[in-house]
Amino acid sequence: MDSLSGISMFVTVAETRSFTKAGAQLGVSSSAVGKGIARMEERLAVRLFHRSTRSITLTAEGALFLERCRRILSEVEAAEAELSEMSGTPSGRLRVSTPQLTGLVMPTLTGFMRRYPDIALEIDLSERMVDIIEEGYDAVIRTGTHHDSRLASRRIGACPQVVVASPGYLARHGTPSHPRELAAHHCLLHKFPATGRIERWPFKLAADESEPQLKERMTCSTVEAITYALLQGEGIAFLPTFIIEDELKDGRLDIILVDYMEQTVTFSMLWPASRYASPKLRVFIDYVVQNMRISSTY
């Protein structure tokens with residue numbers, strides 16, 4: 001059991017790249033973590049980490065050892081899960097990362113917490129593109145397409161993306177009838193935090209037409225802030241309908257340029273394919289896929 005504890009400590013340090021963060025997760029001091037890793041390196045007669053005042057990184061031997069250790073912990077988790085299944089109650093902690101869309105994800109996550117009171121959720125609610133494997137997440141909810149052989153996935157749902165503005169803005173500035181007219185309008189643009197890239201507005205255009213120039217009024221990394229500015233009549237935005245469903249229904253926002261837009265956003269659940277799908281992870285995946293409300297119409 002001491003060896004297993006040491007392996008767990010090593011994996012936590014490798015995933016957090018910090019003795020302090022690893023200690024916080026494990027409930028021990030950073031010095032205890034450092035001494036534990038040093039004892040392991042002495043016993044194995046190999047250096048597992050490169051250490052500096054600013055960072056901790058794996059050596060080549062440490063990276064190889066990490067994969068072995070993860071498999072060992074996965075087998076232990078599988079054994080524990082089998083016993084948990086016998087007791088009939090999924091339990092434990094789940095580390096989950098989701099987009100920063102509180103209104104969409106939190107009703108589902110709080111519903112899950114009520115349904116499974118013995119499962120504790122640790123939620124990273126941000127636009128940061130986490131590395132599921134390296135950072136030790138159990139599952140993430142992401143938009144778009146994904147091509148990572150290390151990950152398994154299930155589709156949650158999809159909905160249209162549309163160009164919208166408030167009636168007040170359109171009354172003051174006019175309604176564009178073609179994407180090229182956006183050069184004379186105020187555009188509220190979304191920037192992807194992970195890349196710093198501005199999200200394209202993918203219009204359907206003739207072969208000889210160029211991409212429209214979008215006149216920047218505001219650029220923001222969260223769509224909820226863009227929605228707020230949109231409702232204040234500050235410009236035109238490109239958003240998925242699930243975010244603004246109520247505003248579209250009650251007339252606070254109008255869809256424009258319908259004939260030039262045919263775009264959807266897809267949500268998926270991703271998790272490590274090589275990791276044992278424990279009962280707590282399986283019930284989480286099933287619950288989110290069945291209960292997350294993503295509108296497909298407008």
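The predictor's confidence in each residue, pLDDT, runs from 0 to 100. The structure is a predicted model, in which local features need pLDDT of at least 70, side-chain atom pairs count only at pLDDT 80 or more, and totals for chains, interfaces and linings use all residues. Residues are numbered from 1 along each chain as its sequence is written, and side-chain values use heavy atoms, with hydrogens and water left out. The protein chain has a mean pLDDT of 87, with 94% of its residues at 70 or more. Helices are DSSP runs (H or I, at least four residues) numbered from the N terminus. Confidence is lowest in helix H4 (residues 60-87), with a mean of 78, and highest in helix H6 (residues 167-173), at 96.

Helix H3 (residues 30-44) has 15 residues and an expected span of 21 Å at 1.5 Å a residue, which agrees with the 21 Å between its end C-alpha atoms; the expected span is 1.5 Å times one less than the number of residues. Its buried residues (under 20% relative accessible area, 1.4 Å probe, protein chains only) are Val33, Gly34, Gly36, Ile37, Met40 and Glu41. They lie on the same side of H3, because they cover an arc of only 160° around the axis, taken from the directions from the helix axis to the C-beta atoms. The face turned away from this side carries Lys35, Arg39, Glu42 and Arg43, which are exposed (over 50%). Just after H3, Ala45 has a positive phi of about 60°.

A nonpolar core is a set of buried Ala, Val, Leu, Ile, Met, Phe, Trp, Tyr and Cys residues joined through side-chain atoms within 4.5 Å. The largest has 41 residues, and Ile156, Phe267, Met269 and Phe284 have the most contacts inside it. Helix H9 (residues 279-291) supplies the largest share of this core, seven residues. A second, separate core of 17 residues includes Val11, Ala14, Phe19 and Leu48.

Notes. Helices (H or I, at least four residues) and strands (E, at least two) are DSSP runs, numbered from the N terminus.
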